Amino acid sequence: MRIPRTSHMPLFSFPLFAVRGIFSLIHHSFLSSIPMSKTKRTIAVPTIEHLTRITTRGILPSLPPLTNIALELLPATARQRPVWERRVARWAGACGCSLSTAVFVSVAATFFALHALAHLDISLGRIPKPVLWVLIGLAAATITKLGVVLYARSALMKLHRNIAAAAFRNVDIQ
């Protein structure tokens with residue numbers, strides 16, 4: 001049965017209203033009950049062993065989000081201390097999620113645009129085109145995530161060497 005469209009009722013009013021209602025319901029019933037801390041935690045790093053635990057990471061981040069680092073093993077007058085604290089917090093908490101999501105969406109959108117506008121398609125046997133787009137996007141996102149994790153790991157190792165050397169010398173780095 002076809003519903004007649006009137007001048008006071010937009011064409012997509014019900015689906016948009018339903019989507020807004022679902023998001024509102026999810027937000028007020030589920031998300032508001034999760035304790036979301038907006039305050040940053042500070043982790044004190046008094047020794048090289050504590051620094052090693054933070055800077056030695058595998059695939060997962062070694063620090064939770066919104067974490068500050070206080071490098072107490074360095075003197076408070078060290079000029080590089082605030083810079084190193086920010087860098088350790090940045091690279092120890094890096095996971096590459098936002099960048100890999102952007103890569104996934106851009107790859108899928110590129111394939112969709114090529115299909116819709118230029119009528120160019122990539123096919124692989126009997127796999128449907130949208131499934132292939134998603135698989136290629138997931139592969140690109142995985143490679144991006146691994147690249148970010150490996151880069152963060154090497155940056156943390158370099159920071160660890162620099163901080164450990166400065167703590168050993170216990171001098172102000174110029």
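In the predicted model, Ile48, Leu51, Thr52, Ile54 and Thr55 of helix α2 are in contact with Leu156, Met157, His160, Ile163, Ala164 and Ala167 of helix α5. By class, the residues of this α2–α5 contact comprise eight nonpolar and three polar, with no charged residue. Helix α2 spans residues 48-55 and helix α5 residues 129-169, and the two pack with their axes 10 Å apart at an angle of about 170 degrees. Because angles over 145 degrees count as roughly antiparallel, α2 and α5 are therefore assigned to that arrangement.

Helix α2 also belongs to a β-α-β unit. Strand β1 (residues 41-44) is paired with strand β2 (residues 67-70) in the parallel sense, over four bridges. The chain leaves β1, passes through α2 and reaches β2, forming a right-handed crossover. Among the bridge partners, Ile43 is matched with Ile69 of β2, and Ala44 is matched with Ala70 of β2.

Helix α3 (residues 81-92) likewise packs against α5, at an angle of about 150 degrees and with the axes 9 Å apart. This angle makes α3 roughly antiparallel to α5, and the crossing of the two helices is left-handed. On the α3 side, the contact is made by Trp84, Arg87, Val88, Trp91 and Ala92; on the α5 side, Tyr151, Ala152, Ala155, Leu156, Leu159, Asn162, Ile163 and Ala166 take part. The residues of the α3–α5 contact divide into 11 nonpolar, one polar and one charged. Leu156 and Ile163 of α5 appear in this contact and also in the contact with α2.

A further contact with α5 is formed by helix α4 (residues 97-117), with the axes coming within 8 Å and crossing at roughly 150 degrees. The helices α4 and α5 are therefore roughly antiparallel to each other. The crossing of α4 with α5 is right-handed, whereas that of α3 with α5 is left-handed. From α4, the residues involved are Cys97, Leu99, Ser100, Val103, Phe104, Val107, Phe111, Phe112 and His115. Their counterparts in α5 are Lys129, Trp133, Val134, Ile136, Gly137, Leu138, Ala140, Ala141, Thr144, Lys145 and Val148. The class composition of the α4–α5 contact is 14 nonpolar, four polar and two charged residues.

Key:
Residues numbered from 1 in each chain as written. Predicted model: local features only at pLDDT ≥ 70, side-chain atom pairs only at ≥ 80, totals over all residues. Heavy atoms only, no water. Pairing = 2+ DSSP bridges. Right-handed = clockwise from strand over helix to strand, strands pointing away. Axes fitted to C-alpha atoms, helices over the stretch in contact; angles between N-to-C directions. Parallel < 35°, antiparallel > 145°, perpendicular 65-115°, else oblique. Contact = heavy atoms within 4.5 Å. Nonpolar A, V, L, I, M, F, W, Y, C, P; charged D, E, K, R; others polar. Left-handed = near helix turned anticlockwise from the far one by under 90°.
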